[in-house]
Amino acid sequence: MSSLPARAERRCHNAVNPLHSCLFFSPDLGAELGKLGVEDPSAVYFATRAAAFGPVGAGTVTATFYNFNPALVAQHVPAVWSVAPPEQVLGARLRAADSTLRRLLGEEIIASDEMAEAARLALRATEACTPHARPLYAAHAELPVPDEPHLAFWHAATLLREHRGDAHLAALLSAGLDPVESLVSHTATGKGMAIRWILSSRGWRRTDWEAASGRLRERGLIVAGEEPALTDAGTALRAEVEEATDRMDRAPYEHLGAEGVERLTGLGRGFLFTAASNGAFPAEATGR
């Protein structure tokens, strides 16, 4: 039985995670990786997020990233490591996180007591994260915690995001949703990303999307139409996926306690408001 208010862990995640994920929409990341010789946007993303694993092959990235076309992954991994070794990518990533947060939040917030408090709370929550069956979290948990509070907060947000993300993949598998079906059904909730952006960034073709849509229609989960829309059964299944994710991701927030979760959520929302007003997220990429 949870001691937290209903969906408190999800609300906290929604407030903190964007301060991690904004890095992937930041021009600073491309600039830093470009200095290492990595310029293709997909290569930048795969290298940045997978560097904590070390110089792994395409299979590891395909398995742990879940909804990317394996052919797209194989175009860039493991070749990217011959251009920029993982330890160099990790350094570039941290420099990009630093400059991105400074630009989006401003020096006053970066140096504030609130930022230091947010870092302490987020790091405390990570004390209850568990590595079993969570490969992306486990790899990032072995990285050192940065000294500066805003980077410590970003590091903790990364750990919390990957801990929840690994759990979410388990929930998708349990629901019988393959990579493209997961994308289609999420878009059908009305909270997903733009279809054109999904196809270009994940490496799928329109025919892949239509085939997945057909499978979901056969299962009675979406209705036919130009834009996917969930049936009642589809809505229930997506709700089950989110509830299962919440259950598997509850421990860090239980550890932090209801008061700590509420405070971290409030701090994250305040930072997020400032970051969003400074153009942190492109409109076409909103959603999970």
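The exercises below work through a predicted model of one protein chain.

Residues are numbered from 1 along each chain as its sequence is written. In this predicted model, local features need pLDDT of at least 70, side-chain atom pairs count only at pLDDT 80 or more, and totals for chains, interfaces and linings use all residues, while side-chain values use heavy atoms, with hydrogens and water left out.

**Exercise 1. The overall fold**

Determine how the radius of gyration of the protein chain stands against that of a compact globule.

Solution.
- Start with the elements: the protein chain has 16 helices and two strands. These are DSSP runs numbered from the N terminus (helices H or I, at least four residues; strands E, at least two).
- Apply the globule rule, 2.2 Å times the number of residues to the power 0.38, with the radius taken over C-alpha atoms.
- For 288 residues, the rule gives a value near 19 Å; the chain has 19 Å, so the two agree.
- Add the extents: the C-alpha trace spans about 55 × 50 × 35 Å along its principal axes.
- Check burial: 53% of the 288 residues count as buried. Buried means under 20% relative accessible area, exposed over 50%, and partly exposed in between (1.4 Å probe, protein chains only).

**Exercise 2. Helix 9 against helix 11**

Classify the packing of helix 9 and helix 11 by angle and hand.

Solution.
- Locate them: helix 9 covers residues 113-126 and helix 11 residues 149-174.
- Take the axes, lines fitted to C-alpha atoms over the stretch in contact, with angles from 0 to 180 degrees between N-to-C directions. They come within 8 Å and cross at roughly 30°.
- Angles under 35 degrees count as roughly parallel, over 145 as roughly antiparallel, 65 to 115 as roughly perpendicular and the rest as oblique. Helix 9 and helix 11 are therefore roughly parallel.
- The crossing is left-handed: the near helix is turned anticlockwise from the far one by less than a right angle.

**Exercise 3. Two residues compared**

Decide whether Val261 is buried or exposed, then do likewise for Arg215.

Solution.
- Val261 sits in helix 16 (residues 251-277). Its relative accessible area is 3%, so Val261 is buried.
- Leaving out residues up to four places away in sequence, Val261 touches Leu4, Ala8, Cys12, Tyr253 and Leu256. Contact means heavy atoms within 4.5 Å.
- Arg215 belongs to helix 14 (residues 206-218). Its relative accessible area is 33%, so Arg215 is partly exposed.
- With the same sequence exclusion, Arg215 touches Asp178 and Glu181.
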